[in-house]
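Work through the exercises below with the sequence and the structure at hand. Each task is followed by a solution in steps.

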Amino acid sequence: MYTLAILSKSTKQGISVWRFVQTDDNQFFAFGGCKPACKAFASITELRSYYKALFTKYGYEAGLVPVQPVTKAVPLSDPWGHHSELPLHLQWELEELSV
């Protein structure tokens, strides 16, 4: 199997990636999306048409889009998270000392 192209874009559900492939016996497929799907095409012309539609109509980019790192903010009211063995009133007193 040969990868012919990859398209991707960021969505509300996450990153949507489509991979366009050709098999050793000259069959053509696209698979991917936010909800995994597989589409078979009778020819490379049909595959190219689908590629162009995703690229021009739906805002996909060639290759893989950069992923923004996810950072989790720790609220000041709970600076030690759920892992602290200190009672909550002592956590608050320590928090007041740090201000």
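The exercises concern a predicted model and go from the whole chain to single residues.

**Exercise 1. Describe the secondary structure of the protein and the order of its elements.**

Step 1. Count the elements: the protein has five strands and two helices.
Step 2. Read them from the N terminus, which gives the order β-β-β-β-α-β-α.

**Exercise 2. State the confidence of the prediction, for the protein and for its elements.**

Step 1. Over the protein the mean pLDDT is 83. A pLDDT of 70 or more is reached by 80% of the residues.
Step 2. Rank the elements by mean pLDDT. Strand β4, residues 37-41, has the highest value, 96. Helix α2, residues 88-98, has the lowest, 75.

**Exercise 3. Summarise burial, surface and contacts for the protein.**

Step 1. The protein has 99 residues, and 19% of them are buried.
Step 2. Its accessible surface is about 7,700 Å². Carbon and sulfur atoms contribute 58% of that surface.
Step 3. Take the contacts with a separation of 6 or more: 29% of them join residues 24 or more positions apart.

**Exercise 4. Classify S16 as buried or exposed, and find its partners.**

Step 1. Locate the residue: S16 is part of strand β2.
Step 2. The relative accessible area of S16 is 1%, and the cut-off for buried is under 20%, so S16 is buried.
Step 3. Look for side-chain partners. The side chains of S16 and Y60 are joined by a polar contact of 2.6 Å.
Step 4. Collect the contacts beyond four places in sequence: S16 touches L7, S8, K9, T11, G33, C34 and Y60.

**Exercise 5. Place C34 and give its exposure class.**

Step 1. C34 sits in the loop between β3 and β4.
Step 2. Its relative accessibility is 35%; partly exposed covers the range between 20% and 50%, so C34 belongs to that class.
Step 3. With residues up to four places away left out, C34 touches T11, Q13, G14, I15 and S16.
Step 4. Compare positions along the chain and in space: C34 and W18 are 16 residues apart in sequence, and their C-alpha atoms are separated by 9.2 Å.

**Exercise 6. Examine T23 and N26 in the loop between β2 and β3.**

Step 1. T23 lies in this loop, between β2 (14-22) and β3 (28-32). N26 is found in the loop between β2 and β3.
Step 2. T23 has a relative accessible area of 15%, which is under 20%, and therefore counts as buried.
Step 3. A polar contact of 2.4 Å links the side chains of T23 and D25.
Step 4. Beyond four places in sequence, T23 touches M1 and F29.
Step 5. Check the backbone of N26: phi is positive, about 60 degrees, although N26 is not a glycine.

**Exercise 7. Which residues form a nonpolar patch on the surface, and how does L94 fit in?**

Step 1. The patch is formed by L86, L90, L94 and L97. Together these residues have about 350 Å² of accessible area.
Step 2. L94 lies in helix α2, the element with the lowest mean pLDDT.
Step 3. L94 has a relative accessibility of 38% and counts as partly exposed. Patch residues need over 30% relative accessible area, so L94 passes that cut-off.

How values were computed. Residues numbered from 1 in each chain as written. Heavy atoms only, no water. Helix = DSSP H or I, 4+ residues; strand = E, 2+ residues; numbered from the N terminus. Buried < 20%, exposed > 50% of the residue type's maximum accessible area, 1.4 Å probe, protein only. Polar contact = N/O pair within 3.5 Å; in protein donor to acceptor, adjacent residues only side chain to side chain. Contact = heavy atoms within 4.5 Å. Areas by Shrake-Rupley, 256 points an atom, 1.4 Å probe, with all protein chains shown as cover. pLDDT = per-residue confidence, 0-100. Patch = residues over 30% accessible without salt bridge, like charges linked within 9 Å, V, L, I, M, F, W, Y side chains within 5 Å. Salt bridge = Lys/Arg side-chain N within 4 Å of Asp/Glu carboxyl O.
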